[in-house]
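Visitor: Please take me through the charged side chains of this protein and how they pair. I would like one connected account rather than a list, with a few words on cysteines and backbone at the end.

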Amino acid sequence: MSMKTIAVLTSGGDAPGMNAAVRAVARTGLTSGMRVLGIHRGYHGLLNGDVFEMDLRSVSDIIHHGGTMLYTARSKEYNTPEGVQKAADMCRKLGIEGVVVIGGDGSFRGARDLTGAGIPCNCIPGTIDNDVSSSEYTVGFDTAMNTAVEMVDRLRDTTESHDRCSVVEVMGRRCGDLALQVGIAVGATVILVPEVPYDFQKDIIDRMQFTQKTGKKHFIIVVAEGVGGVTELAKKIEASTGIETRATVLGHVQRGGSPTLRDRVVASEMGYKAVQLLSEGRSNRVVVVRDGKVTDLDITEALAMTRPFNKELYDIALKISI
């Protein structure tokens, strides 16, 4: 093994399970004889040399915590050629020979640029939206789904008590996976995702009125953030149906909380894999889940991929939620 010092950072939005990935990176590196540095606040922290040396106990008792112990921040400076060069120079100054980056596609682009500047990087997908095109699964997605399901189940109690319609916005700007799976899990009458255009009358009002005829008196509509406009949508539904309708935005509560077993285990596998790749001299890689297994892809190849929407699952939802 030629690599002596590596570092780990989290970038972009936080996600439950990031701490499990940080823990796996640190302990895999340390038990492999490497020096491991933690970088606070992503690329912003790297530019400013905000690093600390990690030991085995640095990551004790973090696997069950949400968020990220390394913190995260945006950096406009890093998104310039001069910023990337400054970050690479800082790595050399600190003796960092490789970096593990945990985040989404934006973080991956930053890792690709840093690799191009001579500092080998590997990436781990961490985002609750499950919107990394190259991976079937991202760290944090399972926890966010379970959190959203719990919140909607609680909301259903009051919706049912008042014979109301609840329009619930979940996260997912570009990707409707969270809305789709949560919608199925809570038995939503309507699920709206950015990947599928909808017709207000046909896809919402007609479905609600049909289910009314079969005896349904309360309704849950799950909307992905990327569709937007839930407050106005709720007003339109009430005006069209006469059913009292309320909009609820779950917001950042979906990012918090103790990660599920799946997120802890997948994050641990990915953290281990990212360090192993660096120790083998393989960089510019994204650790991904493909066909249910943890593997790796070239970052440039990964970023060029488009994410297929699970239309089959969406069609199933339409059939069983009526």
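Guide: What follows goes from the salt bridges to a charged surface patch, then to two loop residues and the cysteines.

The model is predicted, and side-chain atom pairs enter the account only at pLDDT 80 or more. Over the whole structure, the search turns up 19 salt bridges. Three of the pairs are taken up here, along with one network.

Start with the pair K273 and D296. Their closest N and O atoms are 3.7 Å apart, and the two form a salt bridge. This bridge ties together distant parts of the chain: K273 sits in helix α9 (residues 261-279), D296 sits in strand β11 (residues 293-298), and 23 residues separate them. The helix partner, K273, has a relative accessible area of 25%, so K273 is classed as partly exposed. The strand partner, D296, is at 10% and is therefore buried, since the limit for that class is under 20%. The salt bridge thus joins a partly exposed lysine to a buried aspartate.

Next comes a set of salt bridges with shared partners, which join R164, E238, E244 and R246 into one network. One contact among these residues is the salt bridge between the side chains of R246 and E238, with an N to O distance of 4.0 Å. That value can be set against the cut-off for a salt bridge, which is within 4 Å. R246 has a relative accessible area of 38% and is therefore partly exposed. E238, with 32%, is partly exposed as well.

The third pair is R112 and D113. In this salt bridge the closest N and O atoms lie 3.9 Å apart. R112 is partly exposed because its relative accessibility is 29%, and D113 falls in that class because its relative accessible area is 36%.

Some acidic side chains are in a patch instead. D153, D157, E160 and D163 make up a negative surface patch. Patch members must have over 30% relative accessible area and no salt bridge. D153, one of the four, has a relative accessible area of 35% and so counts as partly exposed. D153 belongs to helix α5 (residues 141-161).

Now the backbone. Most residues other than glycine have a negative phi. D61 has a positive phi, near 60 degrees, without being a glycine. D61 lies in the loop between β3 (51-54) and α3 (81-94), and is exposed because its relative accessible area is 60%. Y71 lies in the loop between β3 and α3 too. The phi of Y71 is near 65 degrees, again a positive value in a residue other than glycine. Y71 has a relative accessible area of 44%, so Y71 is partly exposed.

Last, the cysteines. A disulfide is called when two cysteine sulfur atoms are within 2.5 Å, and by this rule the count is zero. C175 is in no disulfide; for C175 the nearest cysteine sulfur belongs to C123 and is 19 Å away. With a relative accessible area of 5%, C175 is therefore buried. C165 is buried too, because its relative accessibility is 0%.

How values were computed: Residues are numbered from 1 along each chain as its sequence is written. This is a predicted model: local features need pLDDT of at least 70, side-chain atom pairs count only at pLDDT 80 or more; totals for chains, interfaces and linings use all residues. Side-chain values use heavy atoms; hydrogens and water are left out. Buried means under 20% relative accessible area, exposed over 50%, partly exposed in between (1.4 Å probe, protein chains only). Patches are made of residues with over 30% relative accessible area and no salt bridge: like charges are joined within 9 Å, nonpolar side chains (Val, Leu, Ile, Met, Phe, Trp, Tyr) within 5 Å. Accessible areas come from the Shrake-Rupley method with a 1.4 Å probe; for residues, only the protein chains shown count as cover. Lys and Arg count as positive and Asp and Glu as negative; His and the chain ends are not counted. The place of a charge is taken as NZ of Lys, CZ of Arg, CG of Asp or CD of Glu. Helices (H or I, at least four residues) and strands (E, at least two) are DSSP runs, numbered from the N terminus.
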